[in-house]
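Here is a short tour for someone new to this structure. Please keep the sequence and the 3D view at hand while reading.

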Amino acid sequence: QAEDGIRDVERSRGLGDVYKRQMKALLLVGGYATRLRPLSLDRPKCLFPVDNKPIIDYLIENLAKANCTEVVLAVNNHAEKIKSYLGEEKHGIKLHYSQEDQPLGTGGPIKLATNYLQDEPFLVLNGDILSWIDYAELMQHHKENHATATLTLKQVSDPTRYGVVRFGENDSIQEFVEKPTREQAPSNWINAGCYALNPEILNTIPEGKVSIERQVFPKLAAQNKLKGYKYHGDWIDIGVPSDYLGADKLIRKTQASINPTCIIHPNATITDSIIWGNTTIGPHTIITSTIIGRNTMIGHHISIKNSVIADNTIIDHNLIITEATIYPNLHIETNIKNREIKT
Ligand code: GDD
Ligand code: MG
């Protein structure tokens, strides 16, 4: 009876609160981030700092706000770095790690974590997205609409890099196409990488490497079991350098995000850039729209624009570097324009 009494109190506080109390989430953080190479060679995308804080912190903080209490981190590549950064608990959320022996894609990790997820509807989030999605509201929408899967959808101008949906009636998704050409794209509403799923979906995911976007969502759409939850707020996938810079710009209140361990000469000018730790930058150097990794030494009178420079690089004085991608551990002594430098 006492227990029933408690449930009544919960009910009277509104369904949203009940849903908030029950939430578990799985975070996909095991990808190879090839489009962020060479920066991602020894750092997983989820630990890329946005305004000097790893993007995974924003995701976990937002989950904590929705009263999510348990998170499964689906890890593969760079698992140890993620574990040692996050530990076993963060922002009051208990963290579990589900380790893949082989990369299992975006669906396989969900199947692998069946034991954590089989009891009640749960969330799945891509680990490279900065957004302010209300996860509790998404879950509530999911339960009220009786879908097997509810996808958060965001309207964008170029849908070709994403999963794209065609709407049917009442928020249902009739068709799901992953990375269509412009001509094939059925709309400009895209999969925002944030889902509420019913445990029954676990039975539809095969063992092994699975793309949930290519192998599972299209089938659910055809069976009328896929619904959409429209999101209108800010949203960025940091998967390519320009969007990583864009995400940083959205949050920071300064001209650039410079890790406090860097030593920057007061006569250097840094705009719209991200600079990770332990980097030194000399006088009269101008850096614009560039990402610079750790332990880098950049001399004086250098201009660097629209470039990506990985860890442990030395850049000599008096150079002009534009549209360059520079791999780690190199000593650069010449001007570079629109090239990838590996050795
Ligand atoms: N554990 C694990 N194992 N995670 C993985 C693996 C894997 O083998 N492969 C990728 N991931 C993780 C990535 O780390 C990332 O957090 C997430 O899965 C999505 O992979 P991305 O490589 O970033 O995919 P995408 O950005 O091209 O496309 C996805 O996201 C778009 C939204 O940004 C798709 O879900 C699209 O449909 C969606 O529109
Ligand atoms: Mg992505």
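## Backbone details

N52 sits in the loop between strand 2 and strand 3 (53-54). This is a predicted model. Phi of N52 is near 65°, a positive value, and the residue is not a glycine. N52 counts as partly exposed because its relative accessible area is 36%, in between the limits of 20% and 50%.

H301 is a second residue other than glycine with a positive phi, near 50°. Its place is the loop between strand 22 (297-298) and strand 23 (303-305). H301 has a relative accessible area of 42%, so it is partly exposed too. Another backbone feature lies at P38. The peptide bond from R37 to P38 is cis, and its omega is near 0°. P38 belongs to the loop between strand 1 (24-28) and strand 2 (49-50).

## The magnesium site

Which residues coordinate the magnesium ion (ligand 2)? They are D128 and D237, each through OD, at 2.1 to 2.3 Å. The two come from distant parts of the chain, 109 residues apart. D128 is in the loop between strand 7 (122-126) and strand 8 (129-131). D237 is in strand 14 (residues 235-237). Both D128 and D237 are buried.

## The largest pocket

The largest pocket holds about 920 Å³ of space. Its lining has 38 residues. G31, R35, K45, T106 and D128 lie nearest the centre of this pocket. D128 thus appears again: it also coordinates the magnesium ion (ligand 2).

Three elements give two or more residues each to this lining: strand 12 (189-197), helix 8 (212-222) and strand 14. Strand 12 gives the most, with four residues. By character, the lining of the largest pocket has 15 nonpolar, twelve polar and eleven charged residues.

## The second largest pocket

About 170 Å³ of space lies in the second largest pocket. Its lining includes R43, L47, P49, N52, K53 and P54. Y85, N259, W276, G277 and R294 line it as well. N52, with its positive phi, is therefore also part of a pocket wall under the lining rule. The lining of the second largest pocket divides into five nonpolar, three polar and three charged residues.

## The enclosed cavity

How many cavities of 30 Å³ or more are there? The count is one. The largest cavity has about 40 Å³ of space. Residues that line it include L59, L125, N126, I129 and S131. I133, Y135, A192, G193 and C194 are also in the lining.

Strand 7, strand 8 and strand 12 each supply at least two of these residues. Strand 12 has the largest share, three residues. Strand 12 also gives the most to the lining of the largest pocket. The cavity lining is made of seven nonpolar and three polar residues, with no charged ones.

## Two sides of helix 4

Which residues of helix 4 (residues 79-86) are buried? They are A79, I82 and L86. These residues lie on the same side of helix 4, because they cover an arc of only 70° around the axis. E80 and S84, on the other side of helix 4, are exposed.

## Salt bridges

Side chains of opposite charge can pair when their charged atoms come close. The count here is 13 salt bridges. One of them joins K179 and E178, with 2.8 Å from N to O. Buried or exposed: where does E178 fall? E178 is buried, because its relative accessible area is 13%, under the 20% limit. K179 is partly exposed, at 41% relative accessibility.

The side chains of K342 and E340 also meet in a salt bridge, at 3.8 Å from N to O. K342 is partly exposed, at 49% relative accessibility. E340 is partly exposed as well, with a relative accessible area of 49%. Elsewhere, salt bridges with shared partners join D248, K249, R252 and D272 into one network. Within it, the side chains of R252 and D248 meet at 3.0 Å, N to O. Both R252 and D248 are buried.

Key. Residues numbered from 1 in each chain as written. Chains lettered and ligands numbered in written order. Predicted model: local features only at pLDDT ≥ 70, side-chain atom pairs only at ≥ 80, totals over all residues. Heavy atoms only, no water. Salt bridge = Lys/Arg side-chain N within 4 Å of Asp/Glu carboxyl O. Buried < 20%, exposed > 50% of the residue type's maximum accessible area, 1.4 Å probe, protein only. Donors = N, O, S within 2.8 Å, 3.2 Å for Na, K, Ca; no water. 1 Å grid on protein atoms, 1.4 Å probe; cavity = no way out; pocket = protein on both sides within 12 Å on 5 of 7 lines; lining within 4 Å. Points joined across faces, edges and corners; volume = space filled by probe spheres on them. Nonpolar A, V, L, I, M, F, W, Y, C, P; charged D, E, K, R; others polar. Arc of directions from axis to C-beta.
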